[in-house]
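Visitor: I have just opened this entry and would love a tour. Could you walk me through what the atoms show, one question at a time?

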2 protein chains.
Amino acid sequence: MQKSGAGLVKNNSEVEKMPMEGGAAIRWLITHKDGAPNFSMRLITVPRGSNTPFHSHDYEHEIYVIDGKLEVTIGDTKKQASRDDFIYIPPNVHHGMKAMEDMKIICVVPIKAAKEILGE
Amino acid sequence: MQKSGAGLVKNNSEVEKMPMEGGAAIRWLITHKDGAPNFSMRLITVPRGSNTPFHSHDYEHEIYVIDGKLEVTIGDTKKQASRDDFIYIPPNVHHGMKAMEDMKIICVVPIKAAKEILGE
């Protein structure tokens with residue numbers, strides 16, 4: 001990743017793809033390492049039949065579905081989502097996603113999550 | 001918009017489309033009015049040949065290009081971007097986008113911007 005006062009324009013394929021539990025993969029597109037002060041944009045891909053981990057943490061997700069179909073569990077509720085749907089997952093609520101078709105989502109988190117997971 | 005401790009799953013077409021200067025339009029998908037504490041996800045569409053306003057403000061943008069082609073100006077630099085590219089625009093840098101083809105982007109801002117623009 002690249003730090004620049006003049007901003008950043010890149011393709012997602014230029015960013016390292018990191019495996020997640022459950023079969024998903026994540027690219028941290030924009031983080032504090034790029035100078036972002038408040039929140040971090042990630043791209044998550046999940047092949048059909050795989051899932052993101054079912055877990056909970058003290059920060060929220062704001063998600064946009066770029067492609068594919070998925071079932072999202074938020075607390076006790078399961079819902080379907082697909083291309084051009086968006087999802088808000090509040091802090092401290094258990095959640096996970098299963099890909100019904102190959103799926104690609106943007107998932108934004110507070111910068112503190114990026115620092116915890118990637119280091120300062 | 002809907003406030004829910006159990007989260008939110010919606011299609012972007014369910015959110016009001018508001019005109020912007022220059023020919024663009026914006027949907028504020030997730031804001032403080034939905035309970036989001038830290039940042040706000042918006043969907044911006046710009047028809048070919050139109051643009052977003054060239055302006056500056058004290059907060060950053062994190063952008064993902066869902067569809068289309070655009071020319072983004074960040075300070076003195078112009079770059080092309082298209083589907084699956086991402087853009088970081090730091091605070092206090094003049095910026096604007098021109099659609100070379102009909103374009104659709106996700107643009108995330110701090111929640112303070114949402115409060116300033118939409119009200120508390």
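Visitor: How many residues of chain B are in contact with chain A?
Guide: Happy to start there, with the reminder that this is a predicted model. On the other side of the contact, chain A contributes 38 residues. The number from chain B is 38.

Visitor: Which strand gives the largest share of the side of chain B that touches chain A?
Guide: Several strands of chain B supply at least two residues each, among them β1 (8-11), β5 (61-67), β8 (85-89) and β10 (103-110). The largest share is five residues. The strand they come from is β8(B).

Visitor: And how many residues on that side are nonpolar?
Guide: The side of chain B that touches chain A includes eight polar and seven charged residues. The nonpolar ones number 23.

Visitor: What relation do the two chains have to each other?
Guide: Chain B can be laid on chain A with an RMSD of 0.0 Å. The move that does so is a turn of 180° with a shift of 0.0 Å along the axis. That turn and shift are therefore the relation of a two-fold axis.

Visitor: Why do the copies meet through the same surface?
Guide: Look at which residues of chain B lie in the interface and ask about them in chain A. The copies meet through the same surface because the share of interface residues of chain B that are also interface residues in chain A is 100%.

Visitor: Which residue is the bridge partner of Leu8(A) in β8(B)?
Guide: Strand β1 of chain A, residues 8-11, runs antiparallel to β8(B), and four bridges join them. Strands of a sheet pair through backbone hydrogen bonds, either parallel or antiparallel. In β8(B), the partner of Leu8(A) is Tyr88(B).

Visitor: Which are the edge strands of the open sheet of seven strands?
Guide: Follow the order, which is β1(A)-β8(B)-β5(B)-β10(B)-β4(B)-β3(B)-β2(B), with antiparallel pairing. An edge strand here pairs on one side only. The two that do so are β1 of chain A and β2 (18-19) of chain B.

Visitor: Within that sheet, what is the bridge partner of Val46(B) in β10(B)?
Guide: β4(B) and β10(B) run antiparallel and are joined by eight bridges. Val46(B) has as its partner in β10(B) the residue Met103(B).

Visitor: Which residues does Ile87(B) touch?
Guide: The largest nonpolar core has 62 residues, and Ile87(B) is one of those that touch the most other members, along with Tyr64(A), Ile87(A), Ile106(A), Tyr64(B) and Ile106(B). Leaving out residues up to four places away in sequence, Ile87(B) touches Gly7(A), Leu8(A), Val9(A), Ile63(B), Val72(B) and Ala81(B).

Visitor: At about what angle does helix α1 of chain B run to β10(B)?
Guide: This helix spans residues 111-118 and lies across β3, β4 and β10 of chain B. Its angle to β10(B) is about 100°.

Visitor: Is Lys112(B), in that helix, buried, partly exposed or exposed?
Guide: Lys112(B) is found in helix α1 of chain B. It has 15 other C-beta atoms within 10 Å. A residue needs 20 or more to be buried, and 12 or fewer make it exposed. Lys112(B) therefore counts as partly exposed.

Visitor: Which residue in the hairpin of β6(B) and β7(B) takes a positive phi?
Guide: The two strands pair in the antiparallel sense over six bridges, and Ile74(B) stands opposite Thr77(B). Two residues lie between the strands. The one with a positive phi, near 60°, is Gly75(B).

Visitor: What is the phi of Asp84(B)?
Guide: Most residues other than glycine have a negative phi. Asp84(B) sits in the loop between β7 and β8 of chain B, and it is partly exposed, with 16 other C-beta atoms within 10 Å. Its phi is positive, near 75°.

Visitor: Is Asn92(A) buried or exposed?
Guide: Asn92(A) lies in the loop between β8 (85-89) and β9 (95-99) of chain A, and has a positive phi of about 65°. Because 12 C-beta neighbours lie inside 10 Å, Asn92(A) counts as exposed.

Technical notes: Residues numbered from 1 in each chain as written. Chains lettered and ligands numbered in written order. Predicted model: local features only at pLDDT ≥ 70, side-chain atom pairs only at ≥ 80, totals over all residues. Contact = placed C-beta atoms within 7 Å. Nonpolar A, V, L, I, M, F, W, Y, C, P; charged D, E, K, R; others polar. Pairing = 2+ DSSP bridges. Axes fitted to C-alpha atoms, helices over the stretch in contact; angles between N-to-C directions. Core = buried A, V, L, I, M, F, W, Y, C linked by C-beta atoms within 7 Å. Least-squares fit on C-alpha atoms with pLDDT ≥ 70 in both.
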